[in-house]
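This report covers helix packing, then individual aspartates, then the overall fold.

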Amino acid sequence: MTFKKEQSAGYLANHMARLFARGLDARIRPLGLSTGIFPALLELWENDGLTQKELVTRLDIEQATMANTLNRMERDGFVTRRKDATDGRVQRVWLTNKARKLEGPAISAAKAQNAVVLSTLSPAEQADFLKLMGKAVAAMRAVEKKP
């Protein structure tokens, strides 16, 4: 059996992700953002006040990576961490006004990058592509949860 990277889902997904991230980075860097913190911001823009553990689960990243990301975000003035009102052992992550003001421009930048990426596909192909990527992500999550 010969391995052909052009027929490897993993290789193509990784390559596409790197190219997408490079394009997105160019669009959000002028806003003072990076692709490293963007996923956390997306989650917090939808649900402000999540815990670090909740962010780790939603973003499928390591605890240490999330801790470092939150430290950078706090240093750069995008989030604050405060003890939970009902459980003092838990810290919640809250967006600052600086981060809230960037939601519109950052989402617009992401939409513009998505438009570029999907521009060669018909509307039906775009829908199929997104649906299939979602199924692939769900399948990988399911495999990771098995013992």
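α1 passes α5 in a right-handed crossing. This is a predicted model. The axes of α1 and helix α5 (residues 97-118) lie 9 Å apart and make an angle of about 140 degrees. An angle over 145 degrees would count as roughly antiparallel. α1 and α5 are therefore oblique to each other. On the α1 side, the contact is made by L19, F20, G23, L24, R27 and I28. On the α5 side, A106, A109, A110, A112, Q113, N114, V116 and V117 take part. By class, this contact of α1 with α5 has 10 nonpolar, 3 polar and 1 charged residues.

A second helix pair is α2 with helix α3 (residues 52-59), packed at an angle of about 110 degrees. Their axes are 11 Å apart. Angles of 65 to 115 degrees count as roughly perpendicular, and α2 and α3 are therefore roughly perpendicular to each other. The crossing of α2 and α3 is also described as right-handed. P39, A40, E43 and L44 make the contact from α2, and L55, R58 and L59 make it from α3. By class, the contact of α2 with α3 has 5 nonpolar and 2 charged residues, with no polar ones.

**Three aspartates**

The table gives the setting of each.

| Residue | Location | Relative accessibility | Class |
|---|---|---|---|
| D25 | helix α1 (residues 9-28) | 18% | buried |
| D48 | loop between α2 (38-46) and β1 (50-51) | 28% | partly exposed |
| D60 | loop between α3 and α4 (63-75) | 43% | partly exposed |

Why does D25 count as buried? Buried means under 20% relative accessible area, and D25 has a relative accessibility of 18%, so D25 falls in that class. D25 sits in helix α1. Leaving out residues up to four places away in sequence, D25 touches S34 and T35.

What does D48 contact beyond its neighbours within four places in sequence? D48 is in contact with V93, W94, L95 and R100. With R100, the link is a polar contact between the two side chains, at 3.2 Å. D48 itself is in the loop between α2 and β1. Its relative accessibility is 28%, so D48 counts as partly exposed. T2 provides a distant reference point: D48 and T2 are 46 residues apart in sequence, and their C-alpha atoms are 48 Å apart in space.

D60 is notable for its backbone. Its phi is positive, about 55 degrees, although D60 is not a glycine. D60 lies in the loop between α3 and α4. With a relative accessible area of 43%, D60 is partly exposed.

**The whole protein**

How many helices and strands does the protein have? There are 6 helices and 3 strands. From the N terminus on, the order of elements is α-α-β-α-α-β-β-α-α.

Along the principal axes, the C-alpha atoms fill a box of roughly 55 × 40 × 25 Å. The protein has 147 residues, and 26% of them count as buried. Among contacts with a separation of 6 or more, residues 24 or more positions apart account for 49%.

Methods:
Residues are numbered from 1 along each chain as its sequence is written. This is a predicted model: local features need pLDDT of at least 70, side-chain atom pairs count only at pLDDT 80 or more; totals for chains, interfaces and linings use all residues. Side-chain values use heavy atoms; hydrogens and water are left out. Helices (H or I, at least four residues) and strands (E, at least two) are DSSP runs, numbered from the N terminus. Buried means under 20% relative accessible area, exposed over 50%, partly exposed in between (1.4 Å probe, protein chains only). Contact means heavy atoms within 4.5 Å. A polar contact is a pair of N or O atoms within 3.5 Å; within protein, one must be able to donate a hydrogen and the other to accept it, and residues adjacent in sequence count only if both atoms are side-chain atoms. Axes are lines fitted to C-alpha atoms, for helices over the stretch in contact, and angles run from 0 to 180 degrees between N-to-C directions. Angles under 35 degrees count as roughly parallel, over 145 as roughly antiparallel, 65 to 115 as roughly perpendicular and the rest as oblique. A crossing is left-handed if the near helix is turned anticlockwise from the far one by less than a right angle, and right-handed if clockwise. Ala, Val, Leu, Ile, Met, Phe, Trp, Tyr, Cys and Pro count as nonpolar, Asp, Glu, Lys and Arg as charged, and the others, Gly among them, as polar.
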